There are 2 protein chains.
Amino acid sequence: MFKLIQTEGRARRGEFTCAHGTVQTPVFMNVGTQGAIKGALSAHDLREIGCQVELSNTYHLHLRPGDDVVRALGGLHRFMDWDGPILTDSGGFQVFSLAGLRKIREEGVTFASHIDGRRIFMGPEESMRIQSNLGSDIAMAFDECVENPATYEYAKASCERTLRWLERCKAEHDRLNALPETVNPGQMLFGINQGATFPDLRIWHMQQTAKIDCEGYAIGGLAVGEPAQVMYDIIDVIEPYMPVDKPRYLMGVGTPSNIIEGVARGVDFFDCVMPARNARHAKLFTWSGAMNIKNEKYKLDERPIDPDCACPVCRSFSRAYLRHLFAAGEMLAMRLAVLHNLYFYNALAGRIRQALDEGCFADFRAEYSPKLAGRL
Amino acid sequence: MFKLIQTEGRARRGEFTCAHGTVQTPVFMNVGTQGAIKGALSAHDLREIGCQVELSNTYHLHLRPGDDVVRALGGLHRFMDWDGPILTDSGGFQVFSLAGLRKIREEGVTFASHIDGRRIFMGPEESMRIQSNLGSDIAMAFDECVENPATYEYAKASCERTLRWLERCKAEHDRLNALPETVNPGQMLFGINQGATFPDLRIWHMQQTAKIDCEGYAIGGLAVGEPAQVMYDIIDVIEPYMPVDKPRYLMGVGTPSNIIEGVARGVDFFDCVMPARNARHAKLFTWSGAMNIKNEKYKLDERPIDPDCACPVCRSFSRAYLRHLFAAGEMLAMRLAVLHNLYFYNALAGRIRQALDEGCFADFRAEYSPKLAGRL
């Protein structure tokens, strides 16, 4: 259930209630691919750094340990000891980006596991069954994520099929939720808009997708090769066709600046592996831009990573200590860097919400969107 | 300052007070070689798992980031944000086990750094200066740790030199502690007994070492290749010559059973990398013996690692989850395994103390020394 609290331009401040709690939006979801967060973080650590929604990957958990195993152990919440909201992706993105030897047909996709090469079939029904076994709060529809640039013909055929797949997802999802032995009977379904970078396809697909009753709608197939401005333009094109009373989720995006720009265009949910991936490469986010903590100049620097950050790392450790941990190859380096970067992303969403609450999001955007745009 | 509270046979229950607090003994010290604990644990995590004393390595910190850097940043306590007692080893053990191209002379040892091969000289004075810069609570004397088996002639010459080195350590340590700019003016010095597996050398060396006033005495050069029974016999031989009013530290030992047997022979301090190293190989300690959590039989096992354990891991996660994390190659596997194993060792020391307090250590030893003897 989505409640719109406040708007400023197209930016939205809302509340989304699902089986495991209420989420304040805009929200950044923290990625725990295999039921654990990169950098040796557990679900308990997520609590400490302000995470509201944990995101796990259907493809990975289906392969290992197996969604049947997770189900037998009481579902993903119990498995990883996280009692807050969980969103699972559909598996589609990994099938199309990670697995090998893909063959797409109307029924679904046959592919080779990236772990052991074994042939696996996944279609809309399989994806729904896996996500039902995991017991997430939000299941994502099984779609095809087309890489940019794509041809018009391919993108058109693909998003037509994704629409047919959504209808099958919806039917199977409703059936599974009604089963007496279902792990999370309150599981919701989000549909996904596709159409590559073609405005007319995007609009047509969004219009059709919105006709299928879902608890939220996502924008997929962006941040997959196209420039940021193209992504912004596509969001601008789709947004007027997205239901106002349902949350909007921009999948896999992005830099802090991308998130601010997404919010400005009416997006409510975000997720990205960037904070964890950058952390592993010693690239840390701060309110005045990004830094590489391995730099020699931090050798004797007693200051925290970011003096304006209240994360568990900045409260206790110096840049010099972090730099030493990276230089010494200590696993703790990864953990502290990921803790800081994820905290930063969660705090960013928090400051966006505060700005919206106070009616000063435009000022916030004008100050921080350029400042946080730099990549390392 | 050491206070003997209770004895049972030769086993001792005591309290040791140093600059950063009072340590209940017998105690197991937790190893943080480079100012961080293996498995992505920080000093904060040590607090959570009952650690009383953190142990860091002089050799490693001298090489990286440099003890001058640590000193400039306020010492090791501030660097790693640990306000409890810290013991630093002398660097000797690593010089003799890890570094290359060693040349031992009366003045000290020239060796090649294992990181970049650069030639470094370390003698008693250098070791004291490095440990003074680190600002640990307990500095260890610079000694030669001879591998077993050793020839009598070599062991004799070596422990005579280690004795002369102790005199130089003591003089330099006193001088450094008295300097106005010293990091930790309350730093203590422990002497180290050597003599390989030769009872007469061990006794002679202990008698001479005890004449030099130190705040504690360690038994070095054991658990370096000899069978456990030989180690126990050597402790039996030395113990009567160790000052009763000073703590005794059995360096680098050992299995849970080794620790119980060490306590039974009058030892107060222990340290070992085994809990962390075993954890990284999925080998976990429990009160009913060791287990390999990767085993297929734990795939659907909902129980904690050890139902009798109150560690943060056993309170929240199942064997099945741990097994999955190892199978999936998640860094979190290491962290949770190390947290559990270190907690187990700290709890073991706690239960030993409790048994001594209650006068039932003999029973405890009879039950747990055999049960916890198995290696994986």
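1. At 44% relative accessibility, A:Arg47 is classed as partly exposed, because that class lies between the cut-offs of under 20% for buried and over 50% for exposed. The model discussed in this note is a predicted one. A:Arg47 belongs to helix α1 of chain A, which covers residues 43–48.

2. The surroundings of A:Arg47 involve a part of the chain further along in sequence. Apart from neighbours within four places in sequence, A:Arg47 is in contact with A:Trp82, A:Asp83 and A:Gly84. With A:Asp83 there is a polar contact between the two side chains, at 2.3 Å. A:Gly84 is 37 residues away from A:Arg47 along the chain, and their C-alpha atoms are separated by 9.0 Å.

3. In chain B, eight strands form a closed barrel with parallel pairing, in the order β4-β5-β6-β10-β11-β12-β13-β14. From one strand to the next, the twist averages 30 degrees. Within this barrel, strand β13 (residues 248–250) and strand β14 (residues 269–271) of chain B run parallel and are joined by two bridges. B:Leu250 has B:Phe270 in β14(B) as its bridge partner.

4. An antiparallel pair is also found in chain B: strand β15 (residues 283–286) and strand β16 (residues 289–292) pair over four bridges. The connection between β15(B) and β16(B) is a hairpin through two residues. B:Phe285 stands opposite B:Ala290 of β16(B). As general background, strands of a sheet pair through backbone hydrogen bonds, in either the parallel or the antiparallel sense.

5. An unreviewed UniProt entry places the feature "active site" at A:Asp89 and A:Asp271. These positions are spread over 183 residues of sequence, yet they cluster in space, the largest C-alpha distance being 10.8 Å.

6. A:Asp89 is located in the loop between β6 (86–88) and α5 (92–97) of chain A. A:Asp89 counts as buried because its relative accessible area is 8%, and the cut-off for buried is under 20%. Beyond neighbours within four places in sequence, its contacts include A:Ser56, A:Asn57, A:Thr58 and A:Tyr59, together with A:Gln131 and A:Met140.

7. A:Asp271 lies in strand β14 of chain A, residues 269–271. With a relative accessible area of 9%, A:Asp271 is likewise buried. Outside its neighbours within four places in sequence, A:Asp271 is in contact with residues including A:Phe28, A:Met29, A:Val31 and A:Leu55, as well as A:Tyr249 and A:Leu250. The side chains of A:Asp271 and A:Tyr249 are joined by a polar contact of 2.8 Å.

Key:
Residues are numbered from 1 along each chain as its sequence is written. Chains are lettered from A and ligands numbered from 1 in the order in which they are written. This is a predicted model: local features need pLDDT of at least 70, side-chain atom pairs count only at pLDDT 80 or more; totals for chains, interfaces and linings use all residues. Side-chain values use heavy atoms; hydrogens and water are left out. Buried means under 20% relative accessible area, exposed over 50%, partly exposed in between (1.4 Å probe, protein chains only). Contact means heavy atoms within 4.5 Å. A polar contact is a pair of N or O atoms within 3.5 Å; within protein, one must be able to donate a hydrogen and the other to accept it, and residues adjacent in sequence count only if both atoms are side-chain atoms. Two strands pair if DSSP finds at least two bridges between them. Axes are lines fitted to C-alpha atoms, for helices over the stretch in contact, and angles run from 0 to 180 degrees between N-to-C directions. UniProt positions are given in the numbering used here, feature names are shortened, and annotations may be inferred rather than shown by experiment.
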